[in-house]
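Work through the following exercises with the structure open beside you, and try each task before you read its solution.

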Amino acid sequence: METKVFDKLSKFLLPIASKLNNNRYLKALRDAFLLALPLTIFGSIAVVLTNLPFLEKMMSTDHLDTFRSAFGIASQATMGIMSVFVVFGIGYYLSKHYKVEAIFGGAIALTSFFLLTPFFLTPEGGDPIQNVIPIDRLGAKGMFLGMMVGFLSTEMYRSIVQKNITIKMPAGVPPTVARSFSALIPVIITLSVFLGVNIVVTQVFQTNMHDVIYNVVQAPLVGLGSGIVPTLIAIFLIQILWFFGLHGQIIINSVMDPIWNTLSIENLNTYTETGEVPHIISKQFIEVYTVGMGGTGMTLAVIAAIILFMKSKQMKQVAKLGLGPGIFNVNEPIIFGLPVVMNPLILVPWIIAPMIVTLVTYLAMSMGLVPPPTSVAIPWTVPVIVNGILATNSIAGGLMQLVNFLIVLIIWFPFLKLIDRMNLEKEQQKDKENQKVS
């Protein structure tokens, strides 16, 4: 009966997961966010340094303001303009997929984005300031428009190139010059389309595409994605895909990352300005309080339970092999060694534990017991407790992980005990057979 259920689930989920995993747009989007990752980590280091809790006691108010002003540019120049890196990355990686000149794809995508960006700032109660770009248009507020423009402009560019609507230069012309002239017609056509769109939107409708996309698309999606119910659905799908041997993070995060990263940028911008964090759910919430506790499924607690309470030699050996990597949130030894994949005895705790921990963490943060992550970028290999403290800029963030650790251990314990008993019986039977042979 169980086998039939798993077979049906497998037949339903595997084709969908495979299509998502191999989708060229999702792959380009994932690679674009990874392009921005080292830059955002650099900016996050500056945010952590300028918001250490003991700085007020070490410096005078004037010195602290000077210190924060000096280092503040680091976050503005990285996380504050993250849409710029994402747009360029989409154009670059999608062009690379189509085997057309990738650097021009990135440049065209970025220029198309700027063509739709208002170059003025209107202060409250003041006249517009011309020839400046509001930084929020290059950060969280422009994220969804940037992604849409990146995909559309690159599709236009590659379509024109692949139809050979290009200028061909003689064989003796240097390659760099030849590539520039080859891109000339695709560049002119693509950018003209986006310039025309901007003229219509700004002159006829008296608005701009940033505001249109933000109000019609981005705000509703981000509002939906910041809720606990969609987050729990995403966690459930990640876990069920891993159960069937598919990398749940890569597949589901490809869909959810635009929302979670947008929430992170909004969090960080607000935190650096006011010290407040508007959203509980963000990219860092997902990474630190799920993956950041021993890897997918929070299996560091599982390793501890096996080492401390189980008797099976096989399980203890797997746990010892998985302990080192698990401390740094790498848990493939447990997923494939215990195993988790296609193991019906483990399906229930594998799915339930992360969902319960996510819900408990969300409730604790919504009640003010634990501060939500400030959205500074924490490398996913930073060990548990340390990453919780860094993510929330509070010891409470690490203590929350300790509570979660105990929750996971308690949920898994009866299932591990059952598997332990079964393995012990097999090991004892094998020992008896070996004794008879000898």
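**Exercise 1.** Why does the largest pocket lie between domain 1 (24–225) and domain 2 (233–437)?

Solution. Bear in mind that the model is a predicted one. Begin with the lining of the largest pocket, to which domain 1 and domain 2 both give residues, so the pocket lies between them. Next, look at the elements involved: helix 2 (24–50), helix 10 (228–243), helix 11 (248–274) and helix 12 (283–291) each contribute at least two residues to this lining. Helix 11 has the largest share, with 8 residues.

**Exercise 2.** Describe the volume and the lining of the largest pocket.

Solution. The volume is about 880 Å³, and 40 residues form the lining, with L34, N253, K283, E287 and W380 lying nearest the centre of the pocket. Sorting the lining residues by character then gives 19 nonpolar, 16 polar and 5 charged.

**Exercise 3.** Carry out the analysis for the second largest pocket, and find where it lies with respect to the two domains.

Solution. The second largest pocket has a volume of about 580 Å³. It is lined by 23 residues, and those closest to its centre are Q76, L268, N269, T272 and E273. Helix 2, helix 4 (61–76) and helix 11 are the elements that supply two or more residues to this lining, and the largest share, 6 residues, belongs to helix 11. By character, the lining of the second largest pocket divides into 8 nonpolar, 10 polar and 5 charged residues. Finally, because domain 1 and domain 2 both give residues to the lining, the second largest pocket lies between them.

How values were computed: Residues are numbered from 1 along each chain as its sequence is written. This is a predicted model: local features need pLDDT of at least 70, side-chain atom pairs count only at pLDDT 80 or more; totals for chains, interfaces and linings use all residues. Side-chain values use heavy atoms; hydrogens and water are left out. On a 1 Å grid over the protein atoms alone, a cavity is a set of points where a 1.4 Å probe fits but cannot get out, and a pocket is an open set with protein on both sides within 12 Å along at least five of seven lines; lining residues have an atom within 4 Å of a point. Grid points are joined across faces, edges and corners, and a volume is the space filled by probe spheres set on the points. Helices (H or I, at least four residues) and strands (E, at least two) are DSSP runs, numbered from the N terminus. Ala, Val, Leu, Ile, Met, Phe, Trp, Tyr, Cys and Pro count as nonpolar, Asp, Glu, Lys and Arg as charged, and the others, Gly among them, as polar. Domain bounds come from an automatic or database domain assignment.
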